[in-house]
Amino acid sequence: MRTILTLIPALLAGASAAEPYSPPVGQDYPEYVLWGDTHLHTYLSADAYPLGTLTTPDTAYRFAKGETVRATGGEKVRLRRPLDFLMVSDHAENLGVVPRLAAGDAGLRRSPDAPRILGLLAARPPLPDLMKARNLEEYEAGTLAFGNAKQAMGVDYGIDDDFIRNVWQGVIEAAEKHNDPGRFTTFVGYEYTSSSLHRNVMFAGGPEHTSQARPFSSRDSKNPEDLWAYLESYRERTGSDVISIPHNSNLSRGNMFNGVTFAGKPLSSEYARIRSSIEPIVEVTQIKGDSETLPTVSPNDEFADFETWITFAKPQTDAGARQSYVRSALQTGLALGAELGVNPYKFGMIGSTDSHTGLATADEDNFWGKMGSSEPNPYRARAQAQYASSGYAAVWATENTRDAIFAALKRREVYATTGPRITLRFFGGWAYVDEDALSPSFAKVGYRKGVPMGGDLIQQAGTEAPSFLVSAVKDPDGANLDRVQIIKGWRDAEGKLHEKVYDVVWSDDRAIGEDGKLPAVGSTVDLDAASYLNSIGAPSLATAWTDPSFNPEEAAFYYVRVIQIPTPRWTTYDAEFFDLEEIQETPREVIQERAYSSPIWYTPQG
């Protein structure tokens with residue numbers, strides 16, 4: 001069994017005690033991007049423990065910081081490049097219950113369902129044995145036993161407030177133990193799991209604030225609007241901020257960005273105000289697929305079909321699909337903004353893993369799986385190929401602290417990647433010129449002349465069309481870049497919604513053809529060797545671009561999508577590593593990973 005490679009500078013290897021820290025002086029804009037995961041589950045989640053995960057929050061934080069830990073299957077693992085921040089976000093529903101039940105908690109064992117659940121837990125094979133399965137049938141039989149044990153998540157164990165407070169205090173203590181301002185930031189949080197309307201709740205404050213909260217779960221209410229009310233009450237009571245991050249809208253069956261409330265009533269201005277305040281960002285990519293767009297939603301977008309999750313999403317109506325994906329929701333937000341006076345879908349974009357192993361990994365060549373039972377083994381590429389090795393949250397913050405990172409999330413100066421650590425800058429204004437893209441002070445020029453991703457364009461007198469400044473730099477340890485695109489969405493005078501994808505800068509000697517399309521970059525992937533060459537593509541791409549179809553009377557948004565050159569998918573890496581006879585073809589063996597910026601909005605004045 002392979003382990004995650006280790007190449008860590010000595011400075012980041014960790015210290016026994018935190019050193020004194022002081023923030024930078026005289027810095028008025030963020031110079032560095034920070035990488036993190038806001039969606040990671042440990043053994044405290046009532047679906048993770050039954051599916052084999054034994055990783056604790058303490059171990060999860062140590063792994064993210066670059067320490068060597070043991071995976072549930074017994075292998076030593078270490079993250080090749082440490083993260084800058086992490087939020088462990090275990091399910092609020094039955095938080096910490098199942099491991100306590102398995103350990104013999106007398107109170108939990110009084111539940112009428114306890115004998116059945118304990119029997120299902122006992123029927124699971126030891127995880128190291130599952131990893132050594134002799135054939136696919138044996139592996140699938142073992143994973144079925146783990147899957148049956150997941151029923152533990154939905155049982156009512158009759159837990160009381162004392163139990164919840166005790167577990168929540170442990171969550172807080174683990175986060176506080178590893179929070180190290182200037183080096184590594186932790187956030188206290190959890191996942192609210194209501195049917196297809198999942199959210200991750202992130203608290204900005206320290207233990208003096210978070211200890212006054214309790215994880216509001218779908219057992220309290222399945223209506224996300226009640227969650228928002230609880231979080232607003234927490235804000236008022238503590239004076240500390242909190243946000244809710246929707247995720248897996250691709251699996252929401254049209255419910256995440258619906259045109260009515262949970263109760264089926266028309267949306268109101270107050271609804272829009274509360275939602276835009278509580279939910280300034282969404283998670284657009286993760287292990288359970290990509291939520292940017294679909295071919296049926298964006299038929300003219302040749303890159304729309306990326307890590308499309310089909311196992312649970314199933315065919316949807318056109319309206320349902322549009323209400324499940326981020327790009328169309330951003331368009332709908334323009335219409336709702338015009339109708340209600342507030343845009344409820346004015347959100348930035350991040351990625352995160354949703355890993356239930358406690359290991360925040362998103363690299364294709366070292367994907368550690370969704371659950372403990374899907375750690376690397378010869379059969380998972382066939383049995384669990386639908387999972388994606390994705391993603392991470394990138395944050396432009398002035399320093400690596402809770403205050404600075406949370407502020408960046410609130411102002412939406414953040415972006416998503418499907419795993420690669422692509423450095424992406426995106427500015428909008430009215431006076432960018434070609435020379436600005438070549439400036440050694442790119443960011444300084446960007447902030448001086450306009451607004452960064454997540455911002456709003458305010459039209460100035462005498463200007464005709466907005467211009468945008470974009471720079472993308474490849475992951476230092478990864479693949480070259482194919483192209484940079486700007487996706488525009490707008491609402492016309494008749495209220496109709498539109499979108500268009502512009503290729504604005506690209507690699508190699510290519511030109512846009514008469515059909516309006518840029519030729520493919522090609523591929524250097526060797527499937528048998530699970531390798532590729534950076535002989536095509538570019539290490540960096542930058543440009544200034546002006547919207548050629550701007551109408552000052554039309555509300556619009558713009559965001560950047562960066563596309564890498566083709567590289568092997570994790571299933572192809574598995575095929576090579578485990579010497580499999582067949583390479584997984586569905587999903588594809590080769591992918592083009594990407595980054596999504598948060599949008600910049602334009603709203604007509606008057």
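Which side chain meets that of R561 in a salt bridge? The partner is E292, at 3.1 Å from N to O; a salt bridge is a side-chain nitrogen of Lys or Arg within 4 Å of a carboxyl oxygen of Asp or Glu. This is a predicted model, in which local features need pLDDT of at least 70, side-chain atom pairs count only at pLDDT 80 or more, and totals for chains, interfaces and linings use all residues. Residues are numbered from 1 along each chain as its sequence is written, and side-chain values use heavy atoms, with hydrogens and water left out.

**Confidence**

- The protein chain has a mean pLDDT of 91, and 93% of its residues reach 70 or more; pLDDT is the predictor's confidence in each residue, from 0 to 100.
- Over residues 1–20 pLDDT stays under 50, and the model has 42 contacts beyond four places in sequence for this stretch. Contact means heavy atoms within 4.5 Å.

**Salt bridges**

- Side chains of opposite charge can pair when their charged atoms come close.
- A search of the whole structure gives 40 salt bridges.
- R561 lies in strand β20 (residues 556–564) and E292 in the loop between β9 and α10, so their salt bridge ties together parts 269 residues apart in sequence. Helices (H or I, at least four residues) and strands (E, at least two) are DSSP runs, numbered from the N terminus.
- Salt bridges with shared partners join E292, D301, R327, E499 and R561 into one network.
- E292 also forms a salt bridge with R327, where the closest N and O atoms are 2.9 Å apart. This pair links distant parts of the chain, with R327 in helix α11 (residues 326–340) and the two positions 35 residues apart.
- E292 is buried at a relative accessible area of 1%, and R327 is buried at 1%. R561 is buried too. Buried means under 20% relative accessible area, exposed over 50%, and partly exposed in between (1.4 Å probe, protein chains only).
- R214 and D220 meet through their side chains in a salt bridge of 3.4 Å, N to O. R214 is partly exposed at 26% relative accessibility, and D220 is partly exposed at 38%.

**Helices α11 and α13**

- The 15 residues of α11 should span 21 Å at 1.5 Å a residue, which agrees with the 20 Å between its end C-alpha atoms. The expected span of a helix is 1.5 Å times one less than its number of residues.
- Buried residues of α11 include V326, R327, S328, A329 and L330.
- After α11 comes G341, with a positive phi near 85°.
- In helix α13 (residues 402–411), the buried residues are R402, A404, I405, F406, A408 and L409.
- After α13 comes R412, with a positive phi near 70°.

**Four-stranded sheet**

- Four strands form an open sheet in the order β14-β13-β16-β19, with antiparallel pairing. Two strands pair if DSSP finds at least two bridges between them.
- β14 (450–452) and β19 (540–546) are at the edges with a single partner strand each, so one side of each has no neighbour in the sheet.
- On average, neighbouring strands of this sheet are turned by 15° against each other, direction ignored. Axes are lines fitted to C-alpha atoms, for helices over the stretch in contact, and angles run from 0 to 180 degrees between N-to-C directions.
- Strand β16 (residues 467–473) and β19 run antiparallel and are joined by seven bridges. V470 has T543 in β19 as its bridge partner.
- Helix α14 (residues 442–449) packs on the sheet and touches β13 (423–429), β14 and β16; its direction makes about 30° with that of β13.

**Three-stranded sheet**

- Three strands make an open sheet in the order β9-β8-β10, with mixed pairing.
- β9 and β10 (348–351) stand at the edges, each with a single partner strand, so each has one side without a neighbour in the sheet.
- Two bridges pair strand β8 (residues 281–286) with β9 in the antiparallel sense. Q286 has G289 in β9 as its bridge partner.

**Strands β6 and β7**

- Strand β6 (residues 199–203) runs antiparallel to β7, and five bridges join them. F203 stands opposite V242 in β7.
- In strand β7 (residues 242–246), five of five residues are buried. V242, S244 and P246 lie on one side, and I243 and I245 on the other, and both faces are covered.
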